[in-house]
Amino acid sequence: MTTESLVLPAAAAPEKTWLERAHAWVTTVDHKRLGIMYIVFALVCLVVGGLEATIIRLQLMKAHANVVSPEVFNELFTMHGTTMIFFVAMPIMFGAANYLAPLMIGARDMAFPRLNAFTFWLTVFGAALLYYSLLGGYGLYGDAFAPNVGWFAYAPLTAKTFSRGHSNDYWTLALLVSGFGSVGTAINVIATIFSQRCRGMTLGRMPLAVWLFLVMCVLVLFTLTPLTAAQLMLLVDRYLGGHFFDAQAGGSAVLWMHFFWVFGHPEVYVLALPAYGFLSEIIQVFSRKAIFGYPAMVAASIVIAFISMSVWAHHMFSVGMTSYGNTFFVITTMAISVPTGIKIFNWLATIWGGKVDFKVPMLWAIAFLFQFLVAGLTGVMLACAPLDWHLTNSYFVVAHFHYVIVGALFMAVFGAFYFWYPKVVGRMLSEKLGRWHFWLFVIGFHLTFDFMHIPGFLGMPRRIYTYEPGRGWDVWNVIIGIGVLFQGVGTLILVFNLIRSAKKGKPAGNDPWDAWTLEWSTSSPPPEYNFATLPVVRSRRPLWDLKHPEDPDWKYE
Amino acid sequence: MSPTTIFSPESSAARMIFDLSLLVYVVCTVIFVVVSALLIYALVKYRKRRGDETREPAQIFGSKQIELAWTIIPIIIVLVLFLSSVRVIAATQDAKMPPGTIEVNVVGHQYWWEYRYPGLGVVTANELHIPTSDPAKPTPTLLHLYSADANHSYWVPRLAGKTDLIPNHPNQLWFDPEKPGLYLGQCAQYCGVQHAKMLLRVYVHSPDDFRRWIEEQKEPARQVDTVARGRELFERTNCMNCHTIAGTPATGRFGPDLTHLMSRETLAAGIVPNNRDNLRAWIKDPNSLKPGSLMPAIAFDDAELDAVTDYLMTLR
């Protein structure tokens, strides 16, 4: 491949007006701009979803508190869950895949740039529909003004009998529309990875992050389909007199649960897999070592995706399946801990014998490792069906999945922000603010989510707008609430850092971390065409080969 | 101690889970300690040191033996946990119920619990009464779980894990407490506005006390002449459309059976003590105690309200 990153001089263009620039962003089909827009959009939703969580925690600070009404509380947890999963976590991952996948495989853009823009705007439109319920959801009966059925919207609460206004229809439509967006993006990423790789970039030489984007997108194709089908069936129930889920007319509430969780569980891995990808790249660079056991890491990712599609009913151990059904889902669920364990050990082995540089991205990666370990172990506890009969739908399970999503996934996302921001913007994020963000957020995270396990053990169910005194839950809820404050301040510091560093950060240069994958070979930010001459690679770490011609990777792989 | 902790099991179903959970906690703790210790060791030992800026560490791409080891060891751990879980699943779900089993039909309603004892001819609400079970001669309680509307979940942590009440999907749950007492819990599946105020109270009696309670509950409602005015109001308004009072024309099924209302310690699914003030406030406007309750406020004036309250107060 070329040794220098050749950048063509931009044609001299007159300074653009604000409107012209906005128009350029809205109409863009550039994968990098779309990636940035995904992430900015997700960050806005993150702040909204975070505020919703803050009000929830305020309400639960003491028994019989009256910060919000029961109706509003139920709307808040529904909107919080839906926003965070569908409009924060998913878009962040898709944004990252959009931005990074073409750069990491040495491509000029995605396979279908216009589809790419279309699916991004579908996602945004989905979020707009969800929040439009605040205005348009006031049905004939004034039943509710925002969706209030929880993020998994169990039947029959969604039936006309129980949810008379239109608010929950906005929930359905939001997921339907953004679901089409996700499927389109997934197709696009898969096509890109299969057809746009540069010369020499065999599947076996792809960076792990790209592998994980690929596996994630395949999983999206399989799992969003049942969700979309279920939403359509729900619409048929509500408006065309169908009885799929309408229990009062003989429909099945349990059927909805199966439909939802056969989407819902793999969804966790849709979010987690790209996080594993970020982590693999960050740990390699900041330990100064190649990933340990690359083939095993790829295999483990594929196995996780595969098994994740056969574990869904572990969300339903209390639903009253037969003992054989429960047994099946115990073993499949526990089986997933084996490939997951392989990943943790391989990351550990990558650090082992390396030279660990505790820069901010690596700090997040380390936090991920510890928290992911805990989340995995509480997951094993929940996989024991009998223990799950206690813990499911309690605060323990709430703590568990927030450990996965905040403690693991978001920590990886934050790490990725600090790692790739210099590439995207051309300037470094402030390390000092980054450390403040890290410590505040990690302390807040542990205050909130470590202590959240305890009320679960003590019998506190989730989704209750208030609770009785004398159950031993009060003090834990106070600590949980205090943690929110730390996380909130930490997040504000991140946002400030992201904005400030874009103007005042230290210039990054092409390769600030002395990294090894292709995106670091082009300029920061990369030109519209990514690479002036398409690179040619001979190993998994093309930039290592360049920097160490005496000891290139391709000799060993 | 929390009255709803899972660490203080009082029936064999809950105890089996508790014993299993101890194994699981120990295994998970050991894994956590070992892996974190390795991680901390690696991070400290292999940290970047001063004067070490240019050297790149040895690049190691993997090791078949080591990777095989950390695949096989977790498989063994998983198998152990799986087999111990399966034993408990079979022992609880497929347990044979002995002849002395007390069967109770539980119907979850938006925001209260209906209890019917089909073999004993008793109907009550919100407070379940059951006998203790002697391991030598077990008299466990088997609950048949139904729902009249949304999904609910029955969770009394000291007696058993939770099981959902789902429309068109009958479920079962059993427990056999040995000690008399009051066991608390609450609905654990989001079921609507007042999901939080669907509390569970299970009163466990000695067999004699339980028999006495059954005998009292089988009686029709008391007739007290001094409250005829309240009774007339009850039977003339909407009250009787939803509530049953055995021995009177009131046979509604939508709301709780009130035949022995005053034998219950709490009102509105366990949320307030059952006394005259709360009862009156509840009849006046259920939303004042439980916003979103499906019971309508009936426009009684103060005198009528007193009369109806007085009538209900006689239903012991």
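The following exchange goes through a predicted model of chains A and B and asks what its descriptions rest on.

Me: What makes the confidence in chain B and chain A worth stating before anything else?
Reply: On a scale from 0 to 100, chain B averages a pLDDT of 93, with 100% of the residues scoring at least 70. The mean for chain A is 92, and 96% of its residues reach 70 or more. Among the elements of chain A, helix α16 (residues 542-547) has the lowest mean, 90, and helix α14 (residues 431-457) the highest, 96. For the complex, the predictor gives an ipTM of 0.94 and a pTM of 0.94.

Me: Why is A:R288 called buried?
Reply: The cut-off for a buried residue is 20 or more other C-beta atoms within 10 Å. A:R288 has 21 such atoms within 10 Å, so it counts as buried. The residue lies in the loop between α7 and α8 of chain A. Its phi is positive, about 60°, although it is not a glycine.

Me: What makes B:N126 count as buried?
Reply: The cut-off is again 20, and B:N126 has 22 C-beta neighbours inside 10 Å, so it counts as buried. B:N126 also has a positive phi, near 70°, in a residue other than glycine. Its place is the loop between β3 and β4 (127-131) of chain B.

Me: How do you know that β5 and β8 of chain B pair?
Reply: Pairing requires at least two bridges. Strand β5 (residues 141-147) of chain B is joined to β8(B) by 5 bridges, so the requirement is met; the two run antiparallel. Within this pair, B:H144 stands opposite B:Q172, and B:L145 stands opposite B:N171.

Me: Why are β3 and β8 of chain B said to stand at the edges?
Reply: The open sheet has 5 strands in the order β3-β2-β1-β5-β8, with mixed pairing. β3 (122-125) and β8 each have a single partner strand, so one side of each is left without a neighbour in the sheet. From one strand to the next, the twist averages 25°.

Me: Why is strand β8 of chain B described as largely enclosed?
Reply: Of the 5 residues of β8 (residues 171-175), 4 are buried, so the strand is largely enclosed by the rest of the structure.

Me: What makes the reach of helix α8 of chain B close to the expected one?
Reply: The expected span is 1.5 Å times one less than the number of residues. α8 (residues 302-313) of chain B has 12 residues and reaches 16 Å from its first C-alpha to its last, against the 16 Å expected. Among its residues, B:A307, B:V308, B:T309, B:Y311 and B:L312 are buried. The buried residues of α8(B) pack against α4 (228-236) and α6 (276-284) of chain B.

Me: How do you know that chain A and chain B are in contact?
Reply: Contact requires C-beta atoms within 7 Å. By that cut-off, 74 residues of chain A are in contact with 74 residues of chain B. On the chain A side, the elements that each supply at least two residues include α3 (70-104), α7 (253-287) and α11 (360-383). By class, that side has 45 nonpolar, 21 polar and 8 charged residues.

Me: What makes the bond from A:A155 to A:P156 cis?
Reply: Its omega is about 0°. A:P156 is in the loop between α4 (113-136) and α5 (167-195) of chain A. The bond from A:S524 to A:P525 is also cis, with omega near -10°, and A:P525 lies in the loop between α15 (474-504) and α16 of chain A.

Note on methods:
Residues are numbered from 1 along each chain as its sequence is written. Chains are lettered from A and ligands numbered from 1 in the order in which they are written. This is a predicted model: local features need pLDDT of at least 70, side-chain atom pairs count only at pLDDT 80 or more; totals for chains, interfaces and linings use all residues. A residue is buried if 20 or more other C-beta atoms lie within 10 Å of its own, exposed if 12 or fewer, and partly exposed in between; C-beta atoms are placed from the backbone. pLDDT is the predictor's confidence in each residue, from 0 to 100. Two residues are in contact if their C-beta atoms, placed from the backbone, lie within 7 Å. Ala, Val, Leu, Ile, Met, Phe, Trp, Tyr, Cys and Pro count as nonpolar, Asp, Glu, Lys and Arg as charged, and the others, Gly among them, as polar. Axes are lines fitted to C-alpha atoms, for helices over the stretch in contact, and angles run from 0 to 180 degrees between N-to-C directions.
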